[in-house]
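I'm opening a fresh page for a structure I haven't looked at before. I'll jot things down in the order I look them up.

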Amino acid sequence: MASGSVALRARRRFRYLPSDLETREKWLGFFIFLPVILLFLTFFAYPLFYGITLSFYKLNTLTLTGPFIGVDNFRTFLSSADVRNALGNSLYWTVASLTLNLLVGLLVALALNERFPGRNLARGLALSSYLIPLVVSAAIWQWMFNAQYGIINYTLFKLWGILPVSWLSDPKTAMPAAIVLNVWRTFPFVVIVLLPRLQTIPEELYSAAKVDGASAWDRFVDVTLPHLRSLFVVLILLRFIFDFNDFTTLALLTGGGPVHATETLPLLVYRQMFGLADTGAAAAVAVLMLLFLLILAVVYLQLANRGERASA
Amino acid sequence: MIANYRAREGVRTGFIFTVTWLVVLVAVFPLFWALSTSLRDNQEIISRTPTLLPVDFTLENYDTMLKLSNFPQQFSNSTIIAIGSSLSVVFFGSLGAYSLTRFRFRGQGLSLRVVLLTYLFPAVLLVVPMFIILRNLKLTDSYAALIIVHTATGLPLGLWLLRAYFQSIPIELDQAAMIDGASRLETLFDVLMPQAIPGMISIFIFIFVFSWGDYLWPLILITSRSQMTLPLGLHTYMNDMGFEWGPLMAATVVFALPVVFLFTFIQSRLVRGLGAGAGAVKF
């Protein structure tokens with residue numbers, strides 16, 4: 001009898017609770033979910049809200065006291081060379097990383113999707129740089145970029161006679177060098193997202209295109225790319241957000257130097273909070289980043305949707 | 001004609017083989033180079049004509065590194081924090097996933113989506129207030145602070161992935177257990193959790209790797225040397241020692257080992273798990 005009603009309910013409403021239990025069970029379900037909600041509220045929602053309010057104060061980091069100053073923190077942005085410099089660096093860092101990342105990631109994913117000897121091993125190895133702790137990667141690349149003994153300068157000299165470059169202490173080369181590290185480290189992310197989709201594109205589509213006389217390039221543009229489109233929409237957004245918000249890579253590799261040449265917005269937040277002991281200004285920069293990302297994400301998704309409808 | 005086709009395919013495979021392996025080797029080279037450097041003596045490290053493999057193998061860099069730094073202490077700090085965070089994400093994530101897949105209550109879908117939104121926010125926006133909150137709770141400079149923060153940042157991923165795992169466990173299992181008189185919690189712990197172990201192991205590893213390599217939060221929350229985690233310790237060591245490449249590379253190798261070990265363990269899982277739409281792991 002009991003089992004009968006259980007099965008019936010499961011079929012009818014994707015539920016299987018005897019009705020007398022239903023109210024009590026609903027509370028039990030909520031109660032079990034409560035720890036997640038509490039953790040989320042205490043250590044995410046509340047800090048977020050708190051951070052936004054901090055940006056309206058002139059707050060000293062050490063004493064954590066200071067007056068309410070309204071939007072003054074934001075007003076000083078307009079004339080702040082630091083903020084302009086960091087915003088420029090952030091865009092340079094993000095856009096260059098993103099572009100190279102997608103390009104390298106796509107090419108590697110296409111290659112790893114082909115059949116060749118040792119493919120599984122190659123797949124595993126190609127993804128390894130993503131999992132190595134960033135501190136380790138930064139230390140290794142610092143060693144490789146070393147001006148005197150680094151393997152990169154040695155190789156460049158040996159192969160093309162290029163004279164040694166002080167990669168990380170020259171304001172002109174520091175950012176490109178950091179971007180190389182970033183792309184090396186994060187291209188596996190793009191591969192991990194694209195590869196499973198590539199594997200599901202039906203082989204027949206390619207052979208049909210081949211019969212119709214499509215060249216390899218045509219097949220790539222007309223068969224492969226349309227299948228990857230929706231993933232690219234997500235990838236571009238995610239990678240933009242991740243790189244834009246990334247603090248650690250540059251903090252470890254260059255520390256924002258030389259002379260702020262690689263100081264992006266997250267590094268500026270850190271310097272304002274702990275270097276200049278100005279928590280309010282730091283919070284204000286962080287809020288600015290959040291607004292920038294939110295607006296960008298909304299506009300981007302709208303454009304992507306429109307594009308989808310236009311092409312459909 | 002067919003022979004011609006075969007030959008063309010052969011050339012194609014050979015080409016792809018060569019190019020792909022070249023790319024893979026370039027991608028792995030930095031890790032190889034760190035290992036190779038760590039096994040050379042100082043003379044050889046600063047040699048004008050470096051060789052691919054060390055000429056005289058030596059372990060002295062590992063010896064120096066262990067003596068000079070707080071390495072063992074930091075290694076154990078990092079291990080405790082990474083295991084603590086992973087376990088709590090698995091625990092809270094499982095509870096949440098159980099609730100989301102086996103109960104219906106108001107606001108379920110909304111909370112799931114809101115939790116996912118967390119990926120959008122810059123960590124530095126949380127840095128300022130989190131520092132203040134944890135300082136007010138007198139928790140800075142402790143394991144607890146990092147475990148809390150890593151749990152909070154890892155939980156969205158844990159919740160989403162474990163939800164997918166719990167969804168794939170047939171509901172008939174719950175029903176059978178409950179008909180046999182098991183309570184809700186008995187059903188969860190004795191029936192569902194054993195079924196979800198592969199998923200729980202994946203989450204454990206993801207969060208472990210994230211927590212193990214995190215640099216931002218220890219930098220903000222840890223001040224005393226005895227509480228430092230490996231990433232922080234390694235960076236401090238670099239600054240203190242003025243780039244002694246041999247011991248430094250030895251430290252990076254030992255530091256990367258647990259991750260490499262775990263990685264071989266999850267290699268196949270990785271592509272599947274991340275490909276399933278949960279690709280938003282941050283490391």
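These are my notes, going from whole chains down to single residues.

**Entry 1: what I'm looking at**
First reminder to myself: this is a predicted model. I started with chain A and counted its elements, which came to 14 helices and zero strands. Chain B reads much like that on paper, with 13 helices and zero strands. Walking chain B from the N terminus, I meet one α after another.

**Entry 2: the build of chain A**
I wanted to know how spread out chain A is. A compact globule of 312 residues would have a radius of gyration near 20 Å, while the value I got for chain A is 26 Å. I also boxed its C-alpha atoms along the principal axes and noted roughly 80 × 70 × 40 Å.

**Entry 3: burial and contacts, chain by chain**
In chain A, 37% of the 312 residues are buried. For chain B, I noted that 45% of its 283 residues are buried. Next I took contacts with a separation of 6 or more and asked what share joins residues 24 or more positions apart. In chain A that share is 63%, and in chain B it is 77%.

**Entry 4: where the chains touch**
How many residues of each chain are in contact with the other chain? I found 78 in chain B and 81 in chain A. On the chain B side, helix α1 (residues 2–38) gives the largest share, with 15 residues. I then sorted that side of chain B by class and wrote down 60 nonpolar, 15 polar and three charged residues.

**Entry 5: a pair of helices in chain A**
I picked out helix α9 (residues 171–200) and helix α11 (residues 216–245) of chain A, whose axes come within 10 Å and cross at roughly 160°. Over 145 degrees counts as roughly antiparallel, so α9(A) and α11(A) are roughly antiparallel to each other. The crossing of α9(A) past α11(A) is right-handed.

Which residues meet there? From α9(A) I listed A:Val190, A:Val193, A:Leu194 and A:Arg197, and from α11(A) A:His227, A:Leu228, A:Leu231 and A:Leu235. By class, this contact has six nonpolar residues, one polar and one charged.

**Entry 6: A:Ala139**
I clicked on A:Ala139 and found it in helix α7 (residues 134–145) of chain A. Is this residue buried or exposed? It has 25 C-beta neighbours inside 10 Å, and the cut-off for buried is 20 or more, so A:Ala139 counts as buried.

I then checked what A:Ala139 touches, leaving aside its neighbours within four places in sequence. The contacts I wrote down are B:Leu234, B:Met238, B:Leu248 and B:Thr252. I also paired A:Ala139 with A:Val104: they sit 35 residues apart in sequence and 23 Å apart in space, C-alpha to C-alpha.

**Entry 7: two positive phi values**
Last, I looked up two residues other than glycine with a positive phi. A:Val259 has phi near 40°, and I found it in the loop between α12 (248–253) and α13 (265–275) of chain A. With 10 other C-beta atoms within 10 Å, A:Val259 is exposed.

B:Asp141 has phi near 65°. Its place is the loop between α6 (123–136) and α7 (143–167) of chain B. I counted 17 other C-beta atoms within 10 Å of B:Asp141, which makes it partly exposed.

Definitions and conventions
Residues are numbered from 1 along each chain as its sequence is written. Chains are lettered from A and ligands numbered from 1 in the order in which they are written. This is a predicted model: local features need pLDDT of at least 70, side-chain atom pairs count only at pLDDT 80 or more; totals for chains, interfaces and linings use all residues. Helices (H or I, at least four residues) and strands (E, at least two) are DSSP runs, numbered from the N terminus. The radius of gyration is taken over C-alpha atoms; the globule rule is 2.2 Å times the number of residues to the power 0.38. A residue is buried if 20 or more other C-beta atoms lie within 10 Å of its own, exposed if 12 or fewer, and partly exposed in between; C-beta atoms are placed from the backbone. Two residues are in contact if their C-beta atoms, placed from the backbone, lie within 7 Å. Ala, Val, Leu, Ile, Met, Phe, Trp, Tyr, Cys and Pro count as nonpolar, Asp, Glu, Lys and Arg as charged, and the others, Gly among them, as polar. Axes are lines fitted to C-alpha atoms, for helices over the stretch in contact, and angles run from 0 to 180 degrees between N-to-C directions. Angles under 35 degrees count as roughly parallel, over 145 as roughly antiparallel, 65 to 115 as roughly perpendicular and the rest as oblique. A crossing is left-handed if the near helix is turned anticlockwise from the far one by less than a right angle, and right-handed if clockwise.
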